[in-house]
Amino acid sequence: MTSTSQISRSIRRNRGAAAAAAVALATATALLTGCSAKSGGVVVGSNNFPESNLLADIYGEALKAKGIDVTYKPNIGSRETTYGLLKNGSVAVLPEYNGALLAYLDSKATPKSAEETTAAIKAKLAAKLTLLDPSAAQDKDSLAVNAETARKYHLTADSSAADLKAVAKNLVIGGSPEFQTRQQGLVGLKSVYGLDFKSFKALDAGGTLTQTALKKNDVQVADLFSTDPTIAKEKFVVLKDPQNLFGFQNIQPVVSKTALPKKGVAALNAVSAKLDTTTLLNLDTQVQLQHKDPLDVAKAWLKSAGLD
């Protein structure tokens, strides 16, 4: 669900090109050396797209409310990078999407429930890592077409990915670079739905580049997140996924077993107990459409949920 090309507007603490470059350099150095972050506190990381940054802020501020020192490492990159930082101890807490994480760890897994997904992940996770409770909130990858394409091929909210089979050869699809090689991407769209697209355009992980390309018809189909508020704003049509290619995608923290004290585990489980899809969409709307600072949005929600 991530790419390395997008620098989100939500990096509050590292504004400007020079600061962003410094963040990228620090991340690369940590990954190469395997050194733990020398922050003196729990390091909360995020992938490089707005919702992940928002969730990291929610987790971090919930931990701070319990008196835990927190350092943020935002906008790290794709799962391929963040998982390495979790394993080497540079990051202690990361918001994840359980189905996508399982697909990364075991592309052949076919769980039938969120519980099976969690169990399968735990069987594959690095020994020093564990999953905390999943939330009811889900944010799936979804296949979306723009309004022009929907009209041309008579696609509606009742249409499915399978309905693109006859016309995919005429369409350009856009998404993160990783989407091109993942089972929950072009590989699965071909094997499960028989979709062979005209071409693939590498953009970002459902962010501004992808949204803009779909709106301008530079791509006719795109991988967008199901809680993306621009879907309704731009009248994009999300196609159904009857074969459940994109799986279960509950928001769930991945944490270091040794870096997080018991009160921290309890704090994050309390966040998961309160977070549902409707709430997540509302929070995303505030950040992505109303351009509110995600840290402010996180703090306000935690207060409203009695978690501050």
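Start by selecting Glu234: it is partly exposed, at a relative accessible area of 23% (buried means under 20% relative accessible area, exposed over 50%, partly exposed in between, with a 1.4 Å probe and protein chains only). Before you click on, know that this is a predicted model, where local features need pLDDT of at least 70, side-chain atom pairs count only at pLDDT 80 or more, and totals for chains, interfaces and linings use all residues. Residues are numbered from 1 along each chain as its sequence is written, and side-chain values use heavy atoms, with hydrogens and water left out.

**Salt bridges**

Now add Lys215, which forms a salt bridge with Glu234, the closest N and O atoms being 3.6 Å apart (a salt bridge is a side-chain nitrogen of Lys or Arg within 4 Å of a carboxyl oxygen of Asp or Glu). Lys215 sits in helix 8 (residues 208–215) and Glu234 in the loop between helix 9 (230–233) and strand 9 (237–239), so the pair ties together parts that are 19 residues apart in sequence. Helices (H or I, at least four residues) and strands (E, at least two) are DSSP runs, numbered from the N terminus. Lys215 itself is exposed, with a relative accessible area of 55%.

Next, select Glu96 and Arg79. Their closest N and O atoms are 2.8 Å apart, in another salt bridge. This pair links distant parts of the chain, with Glu96 in strand 3 (residues 93–97) and Arg79 in helix 3 (residues 79–87), 17 residues apart. Buried or exposed? Glu96 is buried at 2% relative accessibility, and Arg79 is buried at 1%.

For a pair within one helix, go to Lys64 and Glu61, a salt bridge with its closest N and O atoms 3.2 Å apart. The two are three residues apart in helix 2 (residues 50–64), which means about one helical turn separates them. Lys64 is partly exposed at 39% relative accessibility, while Glu61 counts as buried at 12%. The count of salt bridges by this rule is six.

**Helix 7**

Colour helix 7 and look for its buried residues: Gln184, Gly185, Leu186, Gly188, Leu189 and Tyr193. Their cover includes helix 4, strand 5 (141–145), strand 6 (172–175) and strand 7 (199–202). Step past the end of the helix to Gly194, which follows helix 7 and has a positive phi, near 70 degrees.

**The pockets**

Switch on a surface. A pocket here is an open set of points on a 1 Å grid over the protein atoms alone, where a 1.4 Å probe fits, with protein on both sides within 12 Å along at least five of seven lines; lining residues have an atom within 4 Å of a point.

Select Ala109, Thr110, Pro111, Asn244 and Leu245: of the 19 residues lining the largest pocket, these lie nearest its centre. Helix 4 (98–105) and helix 7 (183–193) each supply at least two lining residues. The lining divides into seven nonpolar, nine polar and three charged residues (Ala, Val, Leu, Ile, Met, Phe, Trp, Tyr, Cys and Pro count as nonpolar, Asp, Glu, Lys and Arg as charged, and the others, Gly among them, as polar).

Which residues are closest to the centre of the second largest pocket? Pick Thr208, Gln211, Thr230, Gln288 and Leu289, out of 14 that line the second largest pocket. Helix 8 gives the largest share of that lining, four residues. By class, the second largest pocket is lined by three nonpolar, seven polar and four charged residues.

Note on methods. Contact means heavy atoms within 4.5 Å.
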